[in-house]
Amino acid sequence: MLRVIRKTTFLNAVSGFLVTLSVAISTCLSAGAAHAALSEGSRAPDFTLRGALAGEPFTFSLKTALTQGPIVLYFFPAAFTTGCTQEAHDFAESAEQFHTAGATLIGITAGNTDRVAEFSKVECRDKFAVLADPGALTAILYHSVNTERHTLLSQRTSYVIAPDGTILLSFTSNNPEQHVLETLDALKKWREGKRQK
């Protein structure tokens, strides 16, 4: 009897999760190819994902990382595509500026997730970590989904997240070069605001 109750409880929990996921995906799909990202001032959803830094696998927890300082989280469509490779190069060239600002730089993708270790080494030049988001579940949480080709991929969206979990910047653009400039500027403004308090 206890076994039947546990099985029923588990099935109800799974069913509830699938309904929630289904609603989130259908909302994304019905809104068009590109979707409005989370707004500045809102709370960043917590998540934990597997990824790689300099080709070495590791697990990233947003909650844990925020205890070290602000996070620059940039979603990109797929590893080893032209625009995403250029964006990775741009972020890698500016990695020292993010480090100087006390920020952790993290890339995240729902495309070519089996290649994030290689991408973190080759295209990110061992400068920052890349996380795999299979099924775009974290991208859905962050309203950073692109369904243009009838697949769930990450939209090119960058967030700057303060240590308290507040989103300081929410920036979506298909121009990879703008993401570095916008995120560095948001970090600069945040640091200046902290000094004035």
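Rings of Phe, Tyr and Trp are taken as a pair if their centres lie within 6.5 Å. With that cut-off in hand, the predicted model can be read from its aromatic residues outwards. A search of the whole structure finds twelve aromatic pairs. Ring pairs join Tyr74, Phe76, Phe80, Phe91, Phe98, Phe119 and Phe128 into a cluster.

One pair in this cluster deserves a closer look. The ring centres of Phe80 and Phe119 lie 5.1 Å apart with their planes at 80°, so this pair is edge-to-face, planes over 60 degrees apart being counted that way. Phe80 belongs to the loop between strand S3 (71–78) and helix H3 (82–93), whereas Phe119 belongs to helix H5 (residues 116–122), so the contact ties together parts that are 39 residues apart in sequence. The two partners can also be described by their accessibility. Phe119 has a relative accessible area of 0% and is therefore buried, while Phe80, at 24% relative accessibility, counts as partly exposed; the cut-off for buried is under 20%. Phe80 has a further neighbour in Arg115, whose charged end sits over the Phe80 ring, 4.1 Å from the ring centre.

Attention now turns to the strands. Strand S1 (residues 48–53) pairs with S2 in an antiparallel arrangement through six bridges, and within this pairing Leu49 stands opposite Phe60 of S2. S1 and S2 form a hairpin with two residues between them. Ala54, in the turn of that hairpin, has a positive phi of about 55°. S1 also runs antiparallel to strand S5 (residues 129–132), to which two bridges join it. Here Gly51 of S1 stands opposite Leu131 in S5.

The second largest pocket brings several of these elements back into view. About 250 Å³ of space lies within this pocket, and 14 residues line it. Those nearest the centre of the pocket are Ala103, Thr104, Leu105, Lys127 and Phe128; of these, Phe128 is also a member of the aromatic cluster. Strand S2 (56–61), helix H4 (95–100) and strand S4 (104–111) each supply at least two residues of the lining. H4 gives the largest share, with four residues. By class, the lining of this pocket is made up of ten nonpolar, two polar and two charged residues. S2 thus appears twice in this account: S2 is joined to S1 by six bridges, and S2 supplies at least two residues of the pocket lining.

Terms used: Residues are numbered from 1 along each chain as its sequence is written. This is a predicted model: local features need pLDDT of at least 70, side-chain atom pairs count only at pLDDT 80 or more; totals for chains, interfaces and linings use all residues. Side-chain values use heavy atoms; hydrogens and water are left out. On a 1 Å grid over the protein atoms alone, a cavity is a set of points where a 1.4 Å probe fits but cannot get out, and a pocket is an open set with protein on both sides within 12 Å along at least five of seven lines; lining residues have an atom within 4 Å of a point. Grid points are joined across faces, edges and corners, and a volume is the space filled by probe spheres set on the points. Ala, Val, Leu, Ile, Met, Phe, Trp, Tyr, Cys and Pro count as nonpolar, Asp, Glu, Lys and Arg as charged, and the others, Gly among them, as polar. Rings of Phe, Tyr and Trp (its six-membered ring) pair if their centres lie within 6.5 Å; planes under 30 degrees apart count as stacked, over 60 as edge-to-face and the rest as tilted. Buried means under 20% relative accessible area, exposed over 50%, partly exposed in between (1.4 Å probe, protein chains only). A charge sits over a ring if NZ of Lys or CZ of Arg is within 6 Å of the ring centre and within 35 degrees of the ring normal. Two strands pair if DSSP finds at least two bridges between them.
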